[in-house]
Amino acid sequence: MKAVAHTFEDIELPKPTPTGHDLLVKVLAISVNPVDYKQRKLASPSPRVLGWDAAGTVEAVGPEVTLFKPGAAVYYAGDVTRPGANSEFHLVDERIVGRKPKSLDFAQAAAVPLTAITAWEAFFDRMKVKAGASLLIIGGAGGVGSIGIQIAKVAGLRVIATASRAESIAWVKQLGADHVIDHRKPMRAQLEALGTKQVDYIANFNDLDTHWEAMGDLIAPQGAMVAIVGNQKPLPMDAVRSKSATLCWELMFTRPRFKTPDMIEQHRLLEQVADWLDAGKLRGTLKETLSPINAANLRKAHEKLESGTMIGKLVLKGWS
């Protein structure tokens, strides 16, 4: 089968065989995320296949599979400890796979899973948000922020999202943010101009070190915050500690990586997200498509992502 190595080389690999709970998926579209270029930069003695956002059809199933049958259209993010989906056929555990939304084509569907899982777990599993509360999303126009704004609105939250460019501001407004502020400028004055001094929840989908001081200042007493990017410097805790505020970490690979007892929750949430997409409660976040899936186009996708200017998601579809 065709595949793309982390070194941006087109390679041929043996077609894998599913065992246990694994599905063998015929990959029709893939999306890129920061995890891809972060994993690419890790030393690897042999070609490694990356890619943790995919949509396709089930080609075959392992003997313990109960959720899907061959021919089913699916979407998923996968497991960072296993080979990624930048290959014609891919093995993935059924418990972290959902049915592809009927209202989206395969390219549109491939843009959703990793970001939707991240936002869902950040809100519901980590911060345990409650309807009617206020939420500040730092990095509203990125992949996670784009679906996160929408999920937060479905959850009944008042959403203040950050964006700094005209096109990104327009994008987050289209997605339903109640207010937009600029994270490149002091945020307190902008919040106060909206009649808000503090927020109940903060979801930082951007750089943690850059925004940590502002988070401590803006979080309400006994509020909760979540981060998806690790810190590079020590994080002063005085402001957060004095407010008895909670800091949660969200990494969507935790459940599959450690085979947690509740691993199937990713299947369930992807099914719910698919229902919401089909019902029109959410919209897809695909902004750019490249075709076919090959090393040259994957390199372009990584370069675009690493530029820090991405709005929404970028997808590669079809094999040449």
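The following questions and answers concern the strands, pockets and cavities of a predicted model.

Me: In what order do the six strands of the open sheet stand?
Reply: The six strands of this open sheet pair in the parallel sense. In general, strands of a sheet pair through backbone hydrogen bonds, either parallel or antiparallel. The order is S10-S9-S8-S11-S12-S13.

Me: Why is one side of strand S10 and one side of strand S13 left without a neighbour in the sheet?
Reply: The sheet has the order S10-S9-S8-S11-S12-S13. Strand S10 (179-181) and strand S13 (246-249) stand at its edges, so one side of each has no neighbour in the sheet, as each has a single partner strand.

Me: By what angle are neighbouring strands of this sheet turned against each other on average?
Reply: The sheet in question is the open one, with parallel pairing. With direction ignored, the average turn between its neighbouring strands is 20°.

Me: Which residue of S10 is the bridge partner of Ile 160?
Reply: Strand S9 (residues 158-162) pairs with S10 in the parallel sense, and three bridges join the two. Within S10, the bridge partner of Ile 160 is His 179.

Me: At about what angle does helix H3 run to S12?
Reply: Helix H3 comprises residues 113-127 and lies across strand S8 (134-138), strand S11 (199-204), strand S12 (219-227) and S13. With respect to S12, helix H3 runs at about 130°.

Me: What handedness has the β-α-β unit made by S14, helix H11 and S15?
Reply: Strand S14 (residues 286-290) and strand S15 (residues 313-317) run parallel and are joined by four bridges. One of the residue pairs is Leu 286 with its bridge partner Lys 313 in S15. Together with helix H11 (residues 295-306), the two strands make a β-α-β unit that is right-handed.

Me: Which helix supplies the largest share of the lining of the largest pocket?
Reply: The largest pocket has a volume of about 1,300 Å³. Of its 48 lining residues, Pro 34, Tyr 37, Phe 205, Ile 228 and Val 229 are the closest to the centre. Helix H1 (34-40), H3, helix H4 (143-154) and helix H7 (208-218) each supply at least two lining residues. The largest share, five residues, comes from H1.

Me: How many charged residues are in the lining of the largest pocket?
Reply: The lining can be divided by residue class. There are 21 nonpolar and 20 polar residues, and the charged ones number seven.

Me: How many nonpolar residues does the lining of the second largest pocket have?
Reply: The second largest pocket holds about 190 Å³ of space. Its lining includes Met 1, Leu 13, Pro 16 and Val 49. Three lining residues are polar and one is charged, while the nonpolar ones number seven.

Me: Which strand gives the largest share of the lining of the largest cavity?
Reply: A search of the whole structure finds two cavities of 30 Å³ or more. About 70 Å³ of space lies in the largest cavity. Among its lining residues are Leu 91, Val 92 and Asp 93. The largest share, four residues, comes from strand S6 (residues 89-93).

Me: How many charged residues does the lining of the second largest cavity have?
Reply: The space in the second largest cavity is about 30 Å³. Its lining includes Val 4, Arg 48, Asn 86 and His 302. Six of the lining residues are nonpolar and three are polar, and the number of charged residues is one.

Note on methods. Residues numbered from 1 in each chain as written. Predicted model: local features only at pLDDT ≥ 70, side-chain atom pairs only at ≥ 80, totals over all residues. Heavy atoms only, no water. Pairing = 2+ DSSP bridges. Right-handed = clockwise from strand over helix to strand, strands pointing away. 1 Å grid on protein atoms, 1.4 Å probe; cavity = no way out; pocket = protein on both sides within 12 Å on 5 of 7 lines; lining within 4 Å. Points joined across faces, edges and corners; volume = space filled by probe spheres on them. Nonpolar A, V, L, I, M, F, W, Y, C, P; charged D, E, K, R; others polar. Axes fitted to C-alpha atoms, helices over the stretch in contact; angles between N-to-C directions. Contact = heavy atoms within 4.5 Å.
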